Amino acid sequence: MSCYIINRIFVNEFFEDNSEKDLASAQYALYGLASTYMMQKENDSAVMRFNQISDNAPEEILFATSYNLGLIAFSKGNYEQAVEYFHKALLIKPSDLNAK
């Protein structure tokens, strides 16, 4: 069984339980998986996982997701989209210098 399948099963198990703690843990798991794809330059897979993160995720996950989606868009030359993601990140955490 590949690492992808193991991670997918792991994440899906979190979604079966509706407790708030487990849903937050699922968001962290999705973020971790997306970040791993991003570090491996698997940007399409990273974007797919980042987009699965709920709008109800913890604020730090929402900020980091928007920021990383901005980095991916920028690396692809999609500058307008990158600006939108960085702006969204700044709305979540206005004091972050990297997103400015």
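One salt bridge is present in the structure, which is a predicted model. The side chains of lysine 76 and aspartate 44 form this pair, with an N to O distance of 2.9 Å. Lysine 76 sits in the loop between H4 and H5, and aspartate 44 belongs to helix H3, so the contact ties together parts that are 32 residues apart in sequence. Side chains of opposite charge can pair when their charged atoms come close. The two partners were also assessed for accessibility. Lysine 76 has 43% relative accessibility and counts as partly exposed. Aspartate 44 reaches 58% and counts as exposed, because the cut-off for that class is over 50%.

The fold is helical. The protein chain contains five helices and zero strands. Its pattern along the sequence is α-α-α-α-α. Of the 100 residues in the protein chain, 33% are buried. The exposed surface of the protein chain is about 6500 Å², and carbon and sulfur atoms supply 54% of that area. Among contacts with a separation of 6 or more, 40% join residues 24 or more positions apart.

In soluble globular proteins, nonpolar side chains tend to be buried together. Here, the largest nonpolar core has 19 residues. Met38, Ala46, Phe50, Ile53, Tyr67 and Ile72 touch the most other members. Two or more residues each come from helix H2 (20-39), helix H3 (43-50), helix H4 (59-75) and helix H5 (79-92). The top contributor is H4, with six residues.

Methionine 38 illustrates the packing in this core. Beyond its neighbours within four places in sequence, methionine 38 is in contact with Asn43, Ala46, Phe50, Asn68, Leu71 and Ile72. Three of these partners, Asn43, Ala46 and Phe50, are also among the buried residues of H3. Arg49 is buried in H3 as well. The buried residues of H3 cover an arc of only 125° around the axis, which puts them on the same side of the helix.

A further long-range contact involves isoleucine 92, found in helix H5. Isoleucine 92 and glutamate 59 are 33 residues apart in sequence, yet their C-alpha atoms lie 7.0 Å apart. Glu59 is one of the contacts of isoleucine 92 once neighbours within four places in sequence are set aside. The others are Leu62, Phe63 and Ser66.

Technical notes. Residues numbered from 1 in each chain as written. Predicted model: local features only at pLDDT ≥ 70, side-chain atom pairs only at ≥ 80, totals over all residues. Heavy atoms only, no water. Core = buried A, V, L, I, M, F, W, Y, C linked by side-chain atoms within 4.5 Å. Buried < 20%, exposed > 50% of the residue type's maximum accessible area, 1.4 Å probe, protein only. Helix = DSSP H or I, 4+ residues; strand = E, 2+ residues; numbered from the N terminus. Contact = heavy atoms within 4.5 Å. Areas by Shrake-Rupley, 256 points an atom, 1.4 Å probe, with all protein chains shown as cover. Arc of directions from axis to C-beta. Salt bridge = Lys/Arg side-chain N within 4 Å of Asp/Glu carboxyl O.
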